[in-house]
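This report describes selected features of one protein chain, moving from its overall make-up to individual residues. The sequence and the structure come first.

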Amino acid sequence: MQRGKISFGKIQLSINQSLDGPNAGANEKVNDSGSSGVGGFKKMDKQQMIRQIEDVTEDFESQHLKEVMGISGFGRKAAQVFDINEQIAKAKITDPVVEKKREQEEDVIGPLPPAALEDTERDNSGEATNKVKDSDDESTSDEDSDDEQSLSKRIPYTHEVQMQHGLRAVLALAGDPSGARLVSGSIDYDMCFWDFVGMDSSMRSFRQLQPCENHPIRALQYSVTGEMILVISGNAQAKVLDRDGFEKLECCKGDQYISDMSRTKGHVAQLTSGCWHPFNREQFLTAALDGTLRIWQGLKAKEQVQVIKTRAMGGLRTNASSCNFNRDATLIAAGCVDGSIQTWDTRKMFVNTTHCVRGAHQKGSEITSIVFSYMGLQLATRSNDETMKLWDLRQFKQPLHTWSNLYSRYDSTDCCFSPDDRLLVTGESLPKNQAEANLYFYSTKTFQEVQRTPVSNSHVVKTLWHPKLNQLFVSCGNGTIKCLYDEKRSIRGATLCVVKTHRKRQQMEMVGVSQIITPHALPLFRQEKSRSSRKKMEKARMDPVKSKRPDLPITSGQGGRVASSGGTLSSYVIRNLGLSKRVDDDQDPREAILKYAKDAAENPYWIAPAYKDTQPKAIFSEKLPTDRDEPPIKKPKTEADN
């Protein structure tokens, strides 16, 4: 399809094409028709034609000069000329597919008919489905490649580090959400803080304290932000500590003489378990042997927010040995002593249970641990009946699988999921005829034992698989904590401490310096004679400034620091009235008054001037007659009577 050139701006005359080109006759016909037709160009004179031809020749000369000089113009912009055919040819070379579509759509003007729209939509949907299929194929291929890798390679157990907590069993273990710190609590009341950044290869804790005095530490857990630590001990009152071990809150203790446990302000029996809210940093849950679970809110309010009662088969009271939140905090699960698992929905009242599985474990054996998976669809329980069970919350009546022959001696033995929920980990207590206690890894899909790792020659109590560090922390019955990690798959944590060498403290060496006696030395450089420390001490003791002697006590009112004018009120009044410059509180007051008798008679100051005008001469009372007939009791006493 041939198209002519389009010019913008000034109209240029192509005289060469009109005169020399093959279409010269056609152009002449067009000009003739244009001149004769209505609304065309006017007929020009010869002089005008000559002027236009001269202008065109000047334009050609100036263009040739520009090309020679290599400049774009002389300040006057010429019109740009575009050739559409050349542009289309270039487009065909660069993207031929788009050009084919344009050539097909050139003849269509306006919106497409419905059939064409359906075709285009089918093409687009076909491309989208192809992309989705490709992505699905890629994901399935990735899953297949993951399945091909054995689960045993995912377990970080190539290297091992040991931390010594004490000599008794470590019953509690908790890791900071960021993976920077670890806390442990044992049956000997001690709680240790471990900082991976500050530790070296000796693996020593930087702080050790007893937060609950003479009560063993049963459970520990960091809050979601890692700022606070919940401490569950053998006491009835839970405590909240900050990151460095300082107490922030102690829960209130309830009244043990009240039969209705919902009326008390706190627990009245020993605590068994506790945990933090998954995303509320000020709310936590506790369970005790008084048959209740209590939800606490805030660090200032010491009274619980909600009380949940655990019930046995006939509505009788049963105790909860373990409790936990699920990942989105919509469910609270409790494992009871009667072998039942009970759950409550946090969005409803805690009167009735959401799920209740009676006989989940053997009656009378404590459910030592109840853990939700990271996805929130599965639940794992560990009990003292030597079993561990995996449950599906969508079909909660029967367990998915039961693992047996897992001997447990402690009521705090737990289990945990791997970060990808593909493995379930638990430990066992050491049987009598066995040299080492093992750590068991089970698959949550095939329910088969993936690996069995010997850990220690003592009992395995707590297991913690940290999701960020990808390291396993195992507490043992002999007071040790073992950390299992992989150099390639594990990050930070114990890997930071192993590379730091333990430096022993350098011993201080005392070197005696002999004194050089220089009798003719200048006073500036003269050294004091060495005296015994006893003489120096006695001399400093006599100096009130060096010995920092306190102020001496006040022995009397006169000359004291507190009352400069005397220690009594009378001396203070007399001092301020100006009657005396010095008042001694120890002298006799009668003598002090009679001392001024002569001066008062000669120079009266108080009484005589007041009666000077009205009674200049004093009138005294006359002596009463003695011959009055009155009883001796009413007669006034006189000098004669004395």
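The text below takes up the overall composition, the strands, the aromatic rings and some loop residues in turn.

## Overall composition

The model discussed here is predicted. The protein has eleven helices and 30 strands, and of its 642 residues, 34% count as buried. Among the contacts in the protein with a separation of 6 or more, 47% are accounted for by residues 24 or more positions apart.

A UniProt record, an unreviewed entry, places the feature "repeat: WD" at residues 264-297, 313-347 and 360-394. In the model, residues 264-297 are 0% helix and 53% strand, with the end C-alpha atoms of the span 16 Å apart. Residues 313-347 are 0% helix and 49% strand, and here the end C-alpha atoms lie 25 Å apart.

## Strands and their pairing

Strands of a sheet pair through backbone hydrogen bonds, in either a parallel or an antiparallel sense. One open sheet in this model consists of four strands in the order β3-β30-β29-β28, and its pairing is antiparallel. The edge strands of this sheet are β3 (159-164) and β28, each of which pairs on one side only, and from one strand to the next the twist averages 20°. Between β3 and strand β30 (residues 480-485) the antiparallel pairing runs over six bridges, and His159 has Tyr485 in β30 as its bridge partner.

A second antiparallel pairing joins β4 and strand β5 (residues 181-186) over five bridges. Strand β4 (residues 170-175) is mostly covered, since six of its six residues are buried. Gly175 stands opposite Leu182 in β5. The hairpin that β4 and β5 form has five residues between the strands, and in this hairpin Gly179 takes a positive phi near 85°.

## Aromatic pairs

A pair of aromatic rings is described by the distance of the centres and the angle of the planes. A search of the whole structure finds nine aromatic pairs, and two of the pairs are set out in the table.

| Ring pair | Distance of centres | Angle of planes | Arrangement |
|---|---|---|---|
| Tyr440 and Tyr442 | 6.1 Å | 10° | stacked |
| Phe441 and Trp465 | 6.4 Å | 85° | edge-to-face |

The planes of Tyr440 and Tyr442 stand at 10°, which is under the 30 degrees required, so the pair counts as stacked. Tyr440 has a relative accessibility of 6% and therefore counts as buried, and Tyr442 is buried with a relative accessible area of 5%. The planes of Phe441 and Trp465 stand at 85°, over the limit of 60 degrees, so this pair is edge-to-face. The pair of Phe441 and Trp465 links distant parts of the chain, with Phe441 in strand β26 (residues 437-443) and Trp465 in strand β28 (residues 460-466), 24 residues apart. Both Phe441 and Trp465 are buried.

Ring pairs also link Trp403, Tyr440, Tyr442 and Phe447 into a cluster. Elsewhere, an aromatic ring is approached by a charge: the charged end of Arg327 sits over the ring of Tyr374, 4.2 Å from its centre.

## Residues in loops

Where does His361 lie, and which residues does His361 touch? His361 is found in the loop between β19 (355-357) and β20 (367-372), and its relative accessibility is 5%, so this loop residue counts as buried. If residues up to four places away in sequence are not counted, His361 touches Gly339, Ile367, Thr381, Ser383, Asp385, Thr387 and Lys389.

Two further loop residues take a positive phi although they are residues other than glycine: Tyr189, with phi near 75°, and Asp421, with phi near 60°. Tyr189 is found in the loop between β5 and β6 (191-195), and with a relative accessible area of 30% Tyr189 is partly exposed. Asp421 is found in the loop between β24 (415-417) and β25 (423-427). The relative accessible area of Asp421 is 10%, which is under the 20% cut-off, so Asp421 is buried.

Notes
Residues numbered from 1 in each chain as written. Predicted model: local features only at pLDDT ≥ 70, side-chain atom pairs only at ≥ 80, totals over all residues. Heavy atoms only, no water. Phe/Tyr/Trp six-rings, centres within 6.5 Å; stacked < 30°, edge-to-face > 60°. Buried < 20%, exposed > 50% of the residue type's maximum accessible area, 1.4 Å probe, protein only. Helix = DSSP H or I, 4+ residues; strand = E, 2+ residues; numbered from the N terminus. Lys NZ or Arg CZ within 6 Å of the ring centre and 35° of its normal. Contact = heavy atoms within 4.5 Å. Pairing = 2+ DSSP bridges. Axes fitted to C-alpha atoms, helices over the stretch in contact; angles between N-to-C directions. UniProt positions renumbered as here; feature names shortened; annotations may be inferred.
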